[in-house]
Amino acid sequence: MIEILQDYWLQLLIGGFPHTPLGGLALTLVLAVSGLVLAMPVGLLMAVPLRSRLKPVRALAELIIFYIRSVPLLLHVLWVYFLLPAALGVSFPPAITMLITLVLFNGAYISKIVVAGIDALPRGQTEATMSLGFGRVQTMRFVILPQALRNMLPSLVSQLSLLIKETALGAAIGATEATQTFLDLANNLPGQAIQAYALLALAYFALCYPLLLLGRRLERRSRRTAKIALEPAS
């Protein structure tokens, strides 16, 4: 494995860039981070009808999100890869197709995280804020969402770890992210294929395990903060 790293570390890191589009582990990180950043506003928009007072609107939103979350991500990738160009008449590079899919798919999950983060806050805050003359939008923007974001942080960190692993499905449509780059290397080095696959597993572990530790730390801190807030003042 050390020999493979010495000879091919640059290819595994960035693919054939700059002669070809960015690939390798760098593309995996770009897709994962960009997917999370773009999925957050999508998740916020999806969360709006989930908290609607109109039952039909809420039920339709639940159904759509349930469908997105229930269907395997690979199927969503194939739908976007084949149907989106046919509908729009424009073809997208595999990496962009994967990014669009990740944003929509994870937006559905983040919408549930947003709702859970809001529901975890005391209801009296909303009533108190609105009694001071704030509208619903102002209350949500300046009071509720900033606090809910703190509750959401552990889940968002875990979601980033999931995103990193989900990018591996880009290999199904030819995106040259980490998995595809390592697969290409394994095909070119048949006698060292097992070592290449082991390196791929170690690479994902190295990317995801620190996020797992960070998520646990944030969750413990959030619990301590909530416990202190609930303690009666002496």
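**View 1. The cis peptide bond before Pro18, in the loop between H1 and H2**. Pro18 lies in the loop that joins helices H1 and H2, where helices are DSSP runs of H or I with at least four residues, strands are runs of E with at least two, and both are numbered from the N terminus. The peptide bond leading from Phe17 into Pro18 is cis, with omega near 10°. The structure is a predicted model, in which local features need pLDDT of at least 70 and side-chain atom pairs count only at pLDDT 80 or more, whereas totals for chains, interfaces and linings use all residues. Residues are numbered from 1 along each chain as its sequence is written, and side-chain values use heavy atoms, with hydrogens and water left out.

**View 2. The protein chain as a set of nine helices**. The protein chain has nine helices and zero strands, and its elements run α-α-α-α-α-α-α-α-α from the N terminus on. The C-alpha trace spans about 70 × 50 × 30 Å along its principal axes. Of the 234 residues of the chain, 35% count as buried, a term that stands for under 20% relative accessible area, with exposed meaning over 50% and partly exposed in between (1.4 Å probe, protein chains only).

**View 3. The largest nonpolar core and the helices that supply it**. This core has 47 residues, and the members that touch the most others are Leu31, Leu36, Leu102, Ile110, Val114, Met152 and Ile164. Helices H1 (2–14), H2 (24–50), H3 (55–70), H4 (73–88), H5 (94–119), H7 (136–166), H8 (178–188) and H9 each supply at least two residues of this core, and H5 gives the most, with eleven residues. A nonpolar core is taken here as a set of buried Ala, Val, Leu, Ile, Met, Phe, Trp, Tyr and Cys residues joined through side-chain atoms within 4.5 Å.

**View 4. The salt bridge between Asp119 and Arg51**. A search of the whole structure finds two salt bridges, each defined by a side-chain nitrogen of Lys or Arg within 4 Å of a carboxyl oxygen of Asp or Glu. In one of them the side chains of Asp119 and Arg51 meet, at 2.6 Å from N to O. The pair links distant parts of the chain, since Asp119 is in helix H5 and Arg51 in the loop between H2 and H3, 68 residues apart. Arg51 counts as partly exposed, at 40% relative accessibility.

**View 5. The salt bridge between Lys112 and Glu62**. The side chains of Lys112 and Glu62 meet at 2.8 Å, N to O. Lys112 belongs to helix H5 and Glu62 to helix H3, so this salt bridge ties together parts that are 50 residues apart in sequence. Both partners are partly exposed, Lys112 at 28% relative accessibility and Glu62 at 33%.

**View 6. A nonpolar patch on the surface, with Leu78 among its members**. Tyr67, Leu74, Leu75, Leu78, Trp79, Phe82 and Leu83 make a nonpolar surface patch of about 660 Å². Helix H4 provides the largest share of the patch, six residues. Leu78 lies in this helix and is partly exposed, with a relative accessible area of 30%. Patches are built from residues with over 30% relative accessible area and no salt bridge, nonpolar side chains (Val, Leu, Ile, Met, Phe, Trp, Tyr) being joined within 5 Å and like charges within 9 Å; accessible areas come from the Shrake-Rupley method with a 1.4 Å probe, and for residues only the protein chains shown count as cover.

**View 7. A patch of positive charge that includes Arg220**. Arg216, Arg217, Arg220, Arg221 and Arg224 gather on the surface in a patch of positive charge. Lys and Arg count as positive and Asp and Glu as negative, with His and the chain ends not counted, and each charge is placed at NZ of Lys, CZ of Arg, CG of Asp or CD of Glu. Arg220 is found in helix H9 (residues 193–230), where it is partly exposed with a relative accessible area of 45%.

**View 8. Pairs of residues separated in sequence, involving Gly35, Pro210 and Arg223**. Gly35, in helix H2, is buried with a relative accessible area of 0%, and its C-alpha atom is separated by 8.6 Å from that of Leu160, 125 residues away along the chain. Pro210 lies in helix H9 and is partly exposed at 44% relative accessible area; Pro210 and Ser161 are 49 residues apart in sequence and 9.2 Å apart in space, C-alpha to C-alpha. Arg223, also placed in helix H9, is exposed, with a relative accessible area of 57%. The C-alpha atoms of Arg223 and Asn151 are 9.3 Å apart in space, with the two residues 72 apart in sequence.
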